Amino acid sequence: MTFDFEERQGDLIDSIQPTDSIVLGITEDMKLLNKELRSRIGQPQLPKRKVGEVAVHQHQKRYIFYLITRPKPYNKPNYNQLESCLIELRKACETYGVTSLALLRDLDEGLQDKYVKQLLFDVFQGWPGKMVILIESVFSSKPDFSHLKKQCQHIRPIPAAEYATRHRRLHQALVDAKSNCLVMEGGATMQYYTNIQWDLSERPFLVVLFVDNTLPTGINMTVITPEFELTKAQKRLAEANLPEDIQPILVSWKEHESPFEGLRAVLPSETRVLIDPATRLFIYDGLRRLFPTDMAPIGIQQLRMIKSSAELSILRCVNTVTEMAIRAVRPHVKVGMSEYDIQQLMTSALKKAGLTNTWVLALVDEHAALPHGDSSETKVKKDSVVLIDTGGELYGYQSDTTRTFFLGKKDFNQTIEDAWYLVKQAQESVLDHTIAGNTTAAQVDLAARHVIQKGGYGTYFTHRLGHGIGLEMHEEPYMNKGNTKLVLVPGMTFSVEPGIYVTHEFGIRLEDIVVVSDNGKLELLTKGLADNPWTL
């Protein structure tokens, strides 16, 4: 790093020089999320840009650079998209002769500060200027969410020995499936078995796990990597900190070669390959030209569905603290705030809790009738209904919690109040009647659906009851009335989120994460269901 760099406390506007240029994160539709910044520097009238681009606006003596890092505020942040923005930012600095930049440490909420800083160092290497990162928010006063900070500090990541246990379980599952090999690309399954995260590209990076009874876990782990990324692959393997019982083999392929040919030398000729369901078609096509290739059966997919005690500890804490964050934000939601303002409050609380890759969907009044609607400038009124659906990550494991609450006093709208309590009753019905080993995913869905149908809102419950959750926010098992073959077993985790959505009028959803406990009952991974629609 050759440019001057400073990190200090301060306000983005008042703590910098009038000629310092400012860097802000913004969405694809060019809407600033921060209400105070909108009032102080104005909302720029600029054409829409694509994610990865930079828009430039001159305000008095300084330039303001808007990094388009996400399509919408609730979309997850992405390091690759941020890097693209930073590359364009450097080009813009050189074009406009800018040699002094100021930005908030929370440039893109949800990304880890140390990785954002490393991207800045990498992209601006050799830049002849000065960069100041300000640690305080632009708010001169803000709600205190400090009580959330310690909630998950005692939680540890998945221990190294657990990856060996996962390989042993996979060995038995492959034998039971009369197969001997599982192939996966970058994603949740790769992370589950290898502790490696790898972004997808047109160049295949594959992990091959195949049966080898001479090894301690019964599984050989071979990594197929582009040759030019061999060093990166070695670094990721070292960072994965796998146990001694797992000794990965690296096989590289050159740009002019087929990435699949290297498998011939690695796998026995009688290999029957199974692929992770998320595998892309061209990977499947390349594999099937060499070996019989099929989708991994439910027995192998179920290995990820059944969570270990270490996974449950993380999931319990990340979902509990997310629900606590909603409770902490609730008193600060005031008349006149926009959906965007609520998002910002919620993001601040999740960040204080130590979560990464955070996301927030905030919907007010009739907007809440769209289950996955878009937040907007819609304002909170004195009798508003507010829906917050939000989550984040802890050690890669996801949270997903929804609360709907009222600003109006009791009896402000009896129809909406009754609908709220009907949705809660549907949640309670699921918790009261689900027994593992004797209940299918379809029956779980129907337990809630029948309650809402009986209450007269059956046609307004328009989605499945829930989804599995773990390394992915939406994963197997899915709670829908067509999933009649999947039977619940202890260790499965999923959401229970019934809803009522009356178009152009109101929407109600309550969502909590549960685990099937050893006694067969469902156990909440939050502190408890919402008590009422005012204080939660």
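1. In this predicted model, the cover over the buried residues of helix H3 includes strand E1 (4-8), helix H2 (79-96), strand E5 (100-104) and strand E6 (130-134). Helix H3 itself spans residues 113-123, and its buried positions are Val-116, Leu-119, Leu-120, Phe-121 and Val-123.

2. Helix H9 (residues 298-305) has Ile-300, Leu-303, Arg-304 and Met-305 as buried residues. These pack against two helices and four strands: helix H4 (160-176) and helix H5 (188-194), together with strand E7 (181-184), strand E11 (273-275), strand E18 (475-479) and strand E19 (493-496).

3. The UniProt record, an unreviewed entry, assigns the feature "domain: Peptidase M24" to residues 315-517. Over that range the chain is 31% helix and 26% strand. The C-alpha atoms at the two ends of the range lie 14 Å apart.

4. Two helix pairs merit description by geometry. Helix H10 (residues 309-329) packs with helix H11 (residues 339-352) at an angle of about 135°, and the axes are 9 Å apart. The two helices are therefore oblique to each other. The crossing of H10 past H11 is right-handed. On the H10 side, the contact is made by Thr-322, Ala-325, Ile-326 and Val-329; on the H11 side, by Leu-345, Met-346, Ala-349 and Leu-350. By residue class, this contact comprises seven nonpolar residues, one polar residue and no charged residue.

5. The second pair is formed by helix H12 (residues 414-433) and helix H13 (residues 441-454), with an angle of about 150° and axes 8 Å apart. Here too the crossing, of H12 past H13, is right-handed. Leu-422, Gln-425, Ala-426, Ser-429 and Val-430 are the H12 residues that meet H13, where their counterparts are Val-444, Ala-447, Ala-448, Val-451 and Ile-452. The residues of this contact divide into eight nonpolar and two polar, with no charged residue.

6. Is Arg-403 buried or exposed? The residue is located in strand E16 (residues 401-406). Its relative accessibility is 1%, so Arg-403 counts as buried, the cut-off for that class being under 20%. Arg-403 is also linked in space to a distant part of the sequence: Leu-536 is 133 residues away along the chain, yet the C-alpha atoms of the two residues are 7.8 Å apart.

How values were computed: Residues are numbered from 1 along each chain as its sequence is written. This is a predicted model: local features need pLDDT of at least 70, side-chain atom pairs count only at pLDDT 80 or more; totals for chains, interfaces and linings use all residues. Side-chain values use heavy atoms; hydrogens and water are left out. UniProt positions are given in the numbering used here, feature names are shortened, and annotations may be inferred rather than shown by experiment. Buried means under 20% relative accessible area, exposed over 50%, partly exposed in between (1.4 Å probe, protein chains only). Contact means heavy atoms within 4.5 Å. Axes are lines fitted to C-alpha atoms, for helices over the stretch in contact, and angles run from 0 to 180 degrees between N-to-C directions. Angles under 35 degrees count as roughly parallel, over 145 as roughly antiparallel, 65 to 115 as roughly perpendicular and the rest as oblique. A crossing is left-handed if the near helix is turned anticlockwise from the far one by less than a right angle, and right-handed if clockwise. Ala, Val, Leu, Ile, Met, Phe, Trp, Tyr, Cys and Pro count as nonpolar, Asp, Glu, Lys and Arg as charged, and the others, Gly among them, as polar.
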